[in-house]
Amino acid sequence: MSTSALVSDTTNDGSPQFVEVGYASTGFLIISSALVFLMIPGIGFFYSGMSRSKNALSLLMMSLLSLAIVMIQWALFGFSLTYSETGGAFIGNCQYCGLISVGKNAMSLTAPAVPSIVFSLYQMMFAAVTPAIIFGSSAERFRLLPSMIYVLLWATVVYDPVAYWTWSARGWLRNISCLNTIALSNTPCQLGSLDFAGGGPVHVCSGFSGLAFAMVLGRRRRSRSEVFRPHNMTLVFLGTAMLWFGWYGFNAGSALNATARAGMAAMVTSLATAAGALSWCLWDMIFSGHMSGLGFCSGAVAALVAITPASGFVAPWAAIIIGIAAGIVCNFGCRLKGLLGFDDALDAWGVHGVGGILGNILTGVFAQKSIAILDGTVILGGAIDGNWIQMAYQLAGTTSIAVYSFTVSFILLLILDLIPGLSLRQSEEKESLGADITEMGEIAYELFSQEQPNLVTLENNTTS
């Protein structure tokens, strides 16, 4: 996240009061919030199309349930835990609980270019989109009610701390080169791990949490005649287009102000995504002989993931390299599940977990001072600028986030699964019928003929 700003003298309570002629950055961030919002149903459509038809609706439902749950959690205490400027190195405090003191004033150390209420709105969308990604790994076998409770707990004990480490003014990863400046008596240096828009808190975190979910649930069940393949590629393309469109708010918006750096972030996002879609597609064609639509969409999303942490730090030529690398590396990552024996159903780990790691590491290689300075932000650059130690910072941050998110998620899921009534997985009978009818009592498509069982019959069978 960028921290350059134009602020006035402090108000009576010591907080800098936002001032900006024309309010360009405020409008920009509100629009960016709406774009990130669009990514949440985009994920739902993407996953829905990739699933079997009997689970299509439940995946859309879970994406929007995540949005609703996290919005309430964010307002009550999530924002404060993630962004309070008087916290320690690992987690915030209750400075902003209930959005108290969040309004027209800016946050001087975190987002001084916009009112704090606008910054909170924008970051709420990040917090909401992240848990929705997880269910790509556990698709077609999770239960809705336990998953809703998991989202609430996960956002509090996994996402909020990890986002605080990475983006909060006093987070330890953001200040890893100068940990002695984190204390409240000092001004934090904010020269540490680089993550412009969420390679760690969003993608590595959700990818490895998804891996934990997949391992706790076990493999999907299927009849001998069933094949795990997308039931509706039109929905996959629709979801991909919504994600690509929304990602401009995700990456460009992370500049937190309307500057040339935001424009650069949008440009490199475009180039990386195009390169990733083509590289995955061509890679598939070499080995299968088909120009796969699923490959194109998967490559686009993989590249969007990989460019996320780098988007405010790298030049256009580097973005193309990152996109090509994402298309190839994440393609291989998705194939690992067959070799390692876990069922990452819709490749949340293979795309987001692997792609997030790749993006974080390549940010350490290609980050340039000349790109960050476009909005006045000063960094030491990456290996390309001779700052080789940045690679170590990136690796430390990525490893810490992956281990923490996987471990805490795994423990959290095991505990939830032991609570009576909160079993995470559907029964074998309900799983064979599909989550749409057994969990929701609804179906995505009305395809029954007169000779086939109707919806009422199926409902009676599943409740008896």
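**Loops and helix packing, residue by residue**

Me: Let's start with Ala 444: between which two helices does its loop lie?
Reply: Please keep in mind that this is a predicted model. In it, Ala 444 sits in a loop whose flanking helices cover residues 435-440 and 455-463. Those two helices are α14 and α15.

Me: Is Ala 444 buried, partly exposed or exposed?
Reply: The relative accessibility of Ala 444 is 33%. Buried would need a value under 20%, and exposed a value over 50%. Ala 444 falls between these cut-offs, so the residue counts as partly exposed.

Me: Which residues does Ala 444 contact, leaving aside neighbours within four places in sequence?
Reply: Here a contact means heavy atoms within 4.5 Å. With the neighbours in sequence set aside, the partners of Ala 444 are Ala 56, Leu 57 and Asp 436.

Me: And how far apart in space are Ala 444 and Ser 177?
Reply: Along the sequence, 267 residues separate Ala 444 from Ser 177. In space, going from C-alpha to C-alpha, the separation is 51 Å.

Me: Let's move to Met 291. Which residues does Met 291 touch, not counting those up to four places away in sequence?
Reply: Met 291 is in the loop that links α7 (260-288) to α8 (293-307). Its C-alpha is 6.1 Å from that of Cys 281, although the two are 10 residues apart along the chain. Cys 281 also appears among the residues that Met 291 touches, which are Cys 281, Leu 282 and Met 285.

Me: How do the two helices on either side of that loop pack: what is the class of the angle between α7 and α8?
Reply: The axes of α7 and α8 come within 7 Å, and they cross at roughly 140°. This crossing is right-handed. Roughly antiparallel would need an angle over 145 degrees, so α7 and α8 are instead classed as oblique.

Me: How many charged residues are there in the contact of α7 with α8?
Reply: From α7 the contact includes Trp 280, Cys 281 and Asp 284, and from α8 it includes Phe 296, Leu 304 and Ile 307. The contact has 11 nonpolar and 6 polar residues, and the number of charged ones is 1.

Me: What about α8 and α9: how do their residues in contact divide?
Reply: The two helices pack at an angle of about 125°, with their axes 8 Å apart, and this makes α8 oblique to α9. The crossing is right-handed. Ala 302, Ala 303, Ala 306 and Ile 307 of α8 meet Ala 319, Ile 322, Gly 323, Ala 326 and Cys 330 of α9. Sorted by type, they come to 8 nonpolar, 1 polar and no charged.

Me: Which residues of α10 make the contact with α8?
Reply: The α8 and α10 axes cross at roughly 40° and come within 7 Å, which makes α8 oblique to α10. On the α8 side, the contact is made by Val 301, Ala 302, Val 305 and Ala 306. On the α10 side, the residues are Val 351, His 352, Gly 355, Gly 356 and Gly 359.

Me: His 352 turns up there. With which side chain does the side chain of His 352 make a polar contact?
Reply: His 352 belongs to helix α10, residues 348-366, and counts as buried at 8% relative accessibility. Its contacts beyond four places in sequence include Tyr 47, Val 204, Val 301, Val 305 and Asp 347. At 3.0 Å, its polar side-chain partner is His 203.

Me: Asp 347 is among those contacts, so what is notable about it: what is its phi?
Reply: Asp 347 is found in the loop between α9 and α10, and it counts as buried because its relative accessibility is 16%. Most residues other than glycine have a negative phi. Asp 347, though not a glycine, has a positive phi, near 65°.

Me: One more positive phi, please: what is the relative accessible area of Glu 140?
Reply: Glu 140 lies in the loop between α3 (116-134) and α4 (144-167). Its phi is positive, about 75°, although Glu 140 is not a glycine. Glu 140 is buried, because its relative accessible area is just 2%.

Note on methods:
Residues are numbered from 1 along each chain as its sequence is written. This is a predicted model: local features need pLDDT of at least 70, side-chain atom pairs count only at pLDDT 80 or more; totals for chains, interfaces and linings use all residues. Side-chain values use heavy atoms; hydrogens and water are left out. Helices (H or I, at least four residues) and strands (E, at least two) are DSSP runs, numbered from the N terminus. Buried means under 20% relative accessible area, exposed over 50%, partly exposed in between (1.4 Å probe, protein chains only). A polar contact is a pair of N or O atoms within 3.5 Å; within protein, one must be able to donate a hydrogen and the other to accept it, and residues adjacent in sequence count only if both atoms are side-chain atoms. Axes are lines fitted to C-alpha atoms, for helices over the stretch in contact, and angles run from 0 to 180 degrees between N-to-C directions. Angles under 35 degrees count as roughly parallel, over 145 as roughly antiparallel, 65 to 115 as roughly perpendicular and the rest as oblique. A crossing is left-handed if the near helix is turned anticlockwise from the far one by less than a right angle, and right-handed if clockwise. Ala, Val, Leu, Ile, Met, Phe, Trp, Tyr, Cys and Pro count as nonpolar, Asp, Glu, Lys and Arg as charged, and the others, Gly among them, as polar.
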